[in-house]
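Here is a short report for a reader new to this structure. Look over the sequence and the model before reading on.

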Amino acid sequence: MAVVCSKADWFVSICSTTLIAINLKQSREPFVFDCAQAEKKTKEADGDSKSAGEGSEEKDSGSDRILAFAVSASGKHVALTDDHKRLVLFCTEPSWQCISTRWVVRRCTSLVFTQAEDELFVADKSGDVYSFSVLEPQKPGELKLGHLSMLLDVALSPDDKYIITADRDEKIRVSFRRSPYNIQAFCLEHREFVSALLVPVGHPDWLLSGSGDGTVKVWHYESGRRLHSVDLRKFTLDSENTEERFAVSRIISSPDGKHIAVQCERLPSVQLFVVDSGTEGCLSPAETLALPHAPWDVTFDSQNQLWVLLETEDVNVLLYQYSEQHWELCDSEIPELRRVTEALQAQWNVFKGSVGLESPFKHLYKVNFDNMASYLQKKQERLEQESRKRAAANGSKPNKRSKAESSTVPQNTC
């Protein structure tokens, strides 16, 4: 998988073990960071993480593959975590530099910065959320909350009051950030794992959630009340095959808060919605962008333009602009688009190993077992076996009643 994000003047992409940051405004060399060359864990750090609870895990045999990354609201900080359980923090101004490498307890699934950019929250596969200081970049993480199943995404309210977590067991939990043991609400209507969360720009009391059930739901998260639900199967290009399962892999909001883009795994399209300006939490379908291939990821830039990252070397990025109630494909000669395309082509060796990989959500779906059919089959086999035993027993023994009757029959004395 490859993931992109655009903040401030930077287009940031991760794939495999590498982070690539491309400046959209200036012709300068991209910043490239390879986790294979990153700092290795020392024995002291290994001892500290074991004391924090890592000792219960098997011996670490991970790769340097990046698992998650996040960019702060201002674009001044970037963080990533990899399969070796490194948590690497960067600052982007005045130039890109790595300011710390710390270690998480377990492999992570999602990261998010606070709006104040003083904390970084890290969700992991065991269901825990840790907080890491940005202002003290060497300080170890602190456990904040936990779920009973794998966490798939984490988000914060715009005022940093609430931390919102989504797990594999269909649950969305809204907790107080300062005291996460106090739960404000649950949002409980998805039928599969919750794979994506977003508090949209311009609506700080809404939460958008995407799931493996193929729906996007809008919530008033402080009360846990559902405002709206959209079944994305209605908008798939292959509308006849409505039984195929797919998960929502990304939900993003344009900086002006007017547009929502939704990406689903394996589908060669992006669904665009217009946000209702009212208070009912409605998303109005606007347009379905047909793509030549299923995209790796999508992102909006500061100019409300939509970037789409594709799995092909020749045309690896598409750029769309909203004009006259319609999303239009931009000319490939636009300077920022050409700059990104050329930089990604130069690093294509990083991306080509991820072409055609299976969906990360494939093993998260619930598996249904028909236990009743198996029970009835075994019951029938047992009854037939008992019937055969009774038949065999009756055939080997004389009938007592018949024997008694024959003994009382008078003999012929003639």
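Arg250 is partly exposed, with 27% relative accessible area. The model is a predicted one. Arg250 makes a good place to start, and its partner comes next.

**Salt bridges**

The side chain of Arg250 meets that of Asp297 in a salt bridge, 2.9 Å from N to O. This pair links distant parts of the chain. Arg250 sits in strand β21 (residues 248-253), Asp297 in strand β25 (residues 297-300), and their positions lie 47 residues apart in sequence. Is Asp297 buried or exposed? Asp297 counts as buried, because its relative accessibility is 2% and the limit for buried is under 20%.

A second bridge joins Glu170 to Lys366, with the closest N and O atoms 2.9 Å apart. Glu170 lies in the loop between β14 (162-167) and β15 (172-176). Lys366 lies in the loop between α3 (348-351) and α4 (371-396). The two are 196 residues apart in sequence, so the pair ties together separate parts of the chain. Glu170 is partly exposed at 23% relative accessibility. Lys366 is also partly exposed, at 42%.

A third bridge brings together the side chains of Lys144 and Glu142, at 3.8 Å from N to O. Lys144 is partly exposed, with a relative accessible area of 24%. Glu142 is partly exposed too, at 45%.

The table sets out these three pairs.

| Salt bridge | N to O distance |
|---|---|
| Asp297 and Arg250 | 2.9 Å |
| Glu170 and Lys366 | 2.9 Å |
| Lys144 and Glu142 | 3.8 Å |

How many salt bridges does a search of the whole structure find? The search finds 12.

**An open sheet**

Now turn to the strands. Four of them form an open sheet, in the order β13-β14-β15-β16. The pairing is antiparallel. Which strands stand at the edges? They are β13 (151-156) and β16 (183-187). Each has a single partner strand, so one side of each is left without a neighbour in the sheet. From one strand to the next, the twist averages 20 degrees.

β13 and β14 pair over five bridges, in the antiparallel sense. One residue pair can be named here: Ala155 has Ile164, in β14, as its bridge partner. The loop that follows β14, between β14 and β15, is where Glu170 lies. The salt bridge from Glu170 to Lys366 therefore ties this loop to the one between α3 and α4.

**The cavity**

The structure holds one cavity of 30 Å³ or more. About 90 Å³ of space lies in this largest cavity. Its lining includes Leu232, Phe235, Thr236, Val262, Cys264, Val270 and Thr288. Gln263, Leu267, Ser269 and Gln271 line the cavity as well. What is the chemical make-up of the lining, by nonpolar, polar and charged residues? Six are nonpolar, five are polar and no residue is charged.

Two strands, β22 (259-264) and β23 (269-275), each supply at least two residues of the lining. Pro268 is found in the loop between β22 and β23. Pro268 is partly exposed, at 32% relative accessible area. His293 is 25 residues from Pro268 in sequence, and their C-alpha atoms are 4.9 Å apart in space.

Definitions and conventions
Residues are numbered from 1 along each chain as its sequence is written. This is a predicted model: local features need pLDDT of at least 70, side-chain atom pairs count only at pLDDT 80 or more; totals for chains, interfaces and linings use all residues. Side-chain values use heavy atoms; hydrogens and water are left out. On a 1 Å grid over the protein atoms alone, a cavity is a set of points where a 1.4 Å probe fits but cannot get out, and a pocket is an open set with protein on both sides within 12 Å along at least five of seven lines; lining residues have an atom within 4 Å of a point. Grid points are joined across faces, edges and corners, and a volume is the space filled by probe spheres set on the points. Helices (H or I, at least four residues) and strands (E, at least two) are DSSP runs, numbered from the N terminus. Ala, Val, Leu, Ile, Met, Phe, Trp, Tyr, Cys and Pro count as nonpolar, Asp, Glu, Lys and Arg as charged, and the others, Gly among them, as polar. Buried means under 20% relative accessible area, exposed over 50%, partly exposed in between (1.4 Å probe, protein chains only). A salt bridge is a side-chain nitrogen of Lys or Arg within 4 Å of a carboxyl oxygen of Asp or Glu. Two strands pair if DSSP finds at least two bridges between them. Axes are lines fitted to C-alpha atoms, for helices over the stretch in contact, and angles run from 0 to 180 degrees between N-to-C directions.
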